[in-house]
Structure formats: C-alpha cells, structure tokens
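Biologist: I would be grateful for a close look at one strand of this model and at the elements that surround it. Please take the points in a connected order.

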Amino acid sequence: DGALPTIRSVLDRGAKSVVLASHLGRPAGNPVSKFSLEPVAKIVEEKLGRRVTFCTDCSGEEVEKLCADPPPGSVILLENLRFHVEEEGKGVD
C-alpha cells in the first residue's frame with residue numbers, strides 16, 4: 001500500500017508507464033510458486049483501479065520487449081527478483 005500514492009502520482013503527471021519490481025521470500029534463486037508476485041498484480045490492479053500487466057520474469061528478452069514501448073498509462077509488475085540467484089547474493093562473478 002505504501003507505494004500506491006507514488007504510482008498514482010507519476011501516472012497522474014503523465015508518465016508513459018510504471019514498471020514495478022520487488023522481491024518476496026527466500027526462494028534461493030529458484031522459481032517457487034508460493035513466492036510468485038502474480039497474485040500481487042491482481043491486488044495492485046484492484047487498488048489502483050487500472051489494469052496491471054504481469055510479466056513472468058524480471059529480466060531478459062520478454063521483459064525488454066514488454067517494457068520497450070508500452071501503451072500510455074501502463075503499469076507492469078515484474079516477477080520476483082529473487083527467482084534469480086544473482087539477487088540472492090550468490091551469483092558467480
């Protein structure tokens with residue numbers, strides 16, 4: 001709920017889109033369904049009163065394509081950052 005005023009504010013000021021990224025739980029760098037942010041997208045959608053597009057990853061070609069030229073006023077939520085080992089601080093240099 002804490003981020004909702006900021007999201008609304010930037011959209012009201014004409015931002016073309018807002019891309020949301022977050023983390024949840026400690027999935028050890030692997031996708032774990034109970035830590036997916038997909039249910040969060042539905043909640044954010046209800047609270048904002050506008051469509052939220054959920055992206056099933058947080059990096060890579062799919063994300064780049066989705067975020068490159070979204071429709072005006074778009075809100076995009078990326079999948080849990082911690083599904084990637086690098087986010088857990090266990091990545092290989």
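Which residue in β3 stands opposite Phe54?

Modeller: In this predicted model, the residue of β3 that stands opposite Phe54 is Leu77. The two strands concerned, β2 (52-55) and β3 (74-78), run parallel and are joined by four bridges. Between β2 and β3 the chain passes through α3, and the resulting β-α-β crossover is right-handed.

β3 also has a partner in β1 (17-20). The pairing of β1 with β3 is again in the parallel sense, over four bridges. Within it, Ser17 stands opposite Ser74.

The strand may next be considered by burial. Buried residues have under 20% relative accessible area. Five of the five residues of β3 are buried, so the strand is largely enclosed by the rest of the structure. The cover extends to both faces: one side presents Ser74, Ile76 and Leu78, and the other presents Val75 and Leu77, all of them buried. Ser74 counts as buried because its relative accessible area is 12%. Leaving aside residues up to four places away in sequence, Ser74 touches Leu11, Lys16, Ser17 and Val18.

Among those contacts, Leu11 leads to helix α1. This helix spans residues 4-12, and its residues Leu4, Ile7 and Leu11 are buried. Viewed down the axis of α1, the buried residues fall within an arc of 65°, so they line one face of the helix. That buried set packs against β3, and also against β1 and α2. The face of α1 turned away from the buried side carries Pro5, Thr6 and Asp12, which are exposed. After α1 comes Gly14, with a positive phi near 100°.

Helix α2 (38-48) is arranged in a comparable manner. Its buried residues are Ala41, Val44 and Leu48. Down the axis of α2 they also fall within an arc of 65°, so one face of the helix is lined by them. The buried residues of α2 pack against β3 as well as α1, β1 and β2. On the other side of α2, Lys42 and Glu46 are exposed. Gly49, just after α2, takes a positive phi of about 75°.

A further contact of Ser74, Lys16, brings in the charged pairs. The structure holds two salt bridges. One of them joins the side chains of Asp69 and Lys16, at 2.3 Å from N to O. It links distant parts of the chain, with Asp69 in the loop between α3 (61-68) and β3, and Lys16 in the loop between α1 and β1, 53 residues apart. Asp69 counts as exposed because its relative accessibility is 59%. Lys16, at 39%, counts as partly exposed.

The other salt bridge is formed by Lys47 with Asp1, whose closest N and O atoms are 2.6 Å apart. This pair likewise links distant parts of the chain: Lys47 belongs to helix α2 and Asp1 to the segment before α1, 46 residues apart. With a relative accessibility of 39%, Lys47 counts as partly exposed, whereas Asp1, at 66%, counts as exposed.

The cysteines complete the account. The structure holds zero disulfides. Cys55 is in no disulfide, and the nearest cysteine sulfur, that of Cys67, is 6.4 Å away. A disulfide would require a pair of cysteine sulfur atoms within 2.5 Å. Cys55 is buried, with a relative accessible area of 0%, while Cys67 is partly exposed, at 24%.

One backbone feature in a connecting loop remains. Ala28 is located in the loop between β1 and α2. Its phi is near 60°, a positive value in a residue other than glycine. Ala28 is partly exposed, with a relative accessible area of 38%.

To return to the strand itself: β3 pairs in parallel with β1 and runs parallel to β2. The buried residues of α1 pack against β3, as do those of α2, and β3 has buried residues on both of its faces.

How values were computed
Residues are numbered from 1 along each chain as its sequence is written. This is a predicted model: local features need pLDDT of at least 70, side-chain atom pairs count only at pLDDT 80 or more; totals for chains, interfaces and linings use all residues. Side-chain values use heavy atoms; hydrogens and water are left out. Buried means under 20% relative accessible area, exposed over 50%, partly exposed in between (1.4 Å probe, protein chains only). The arc is that of the directions from the helix axis to the C-beta atoms. Contact means heavy atoms within 4.5 Å. A salt bridge is a side-chain nitrogen of Lys or Arg within 4 Å of a carboxyl oxygen of Asp or Glu. Two strands pair if DSSP finds at least two bridges between them. A crossover is right-handed if, with the strands pointing away from the viewer, the path from the first strand over the helix to the second runs clockwise.
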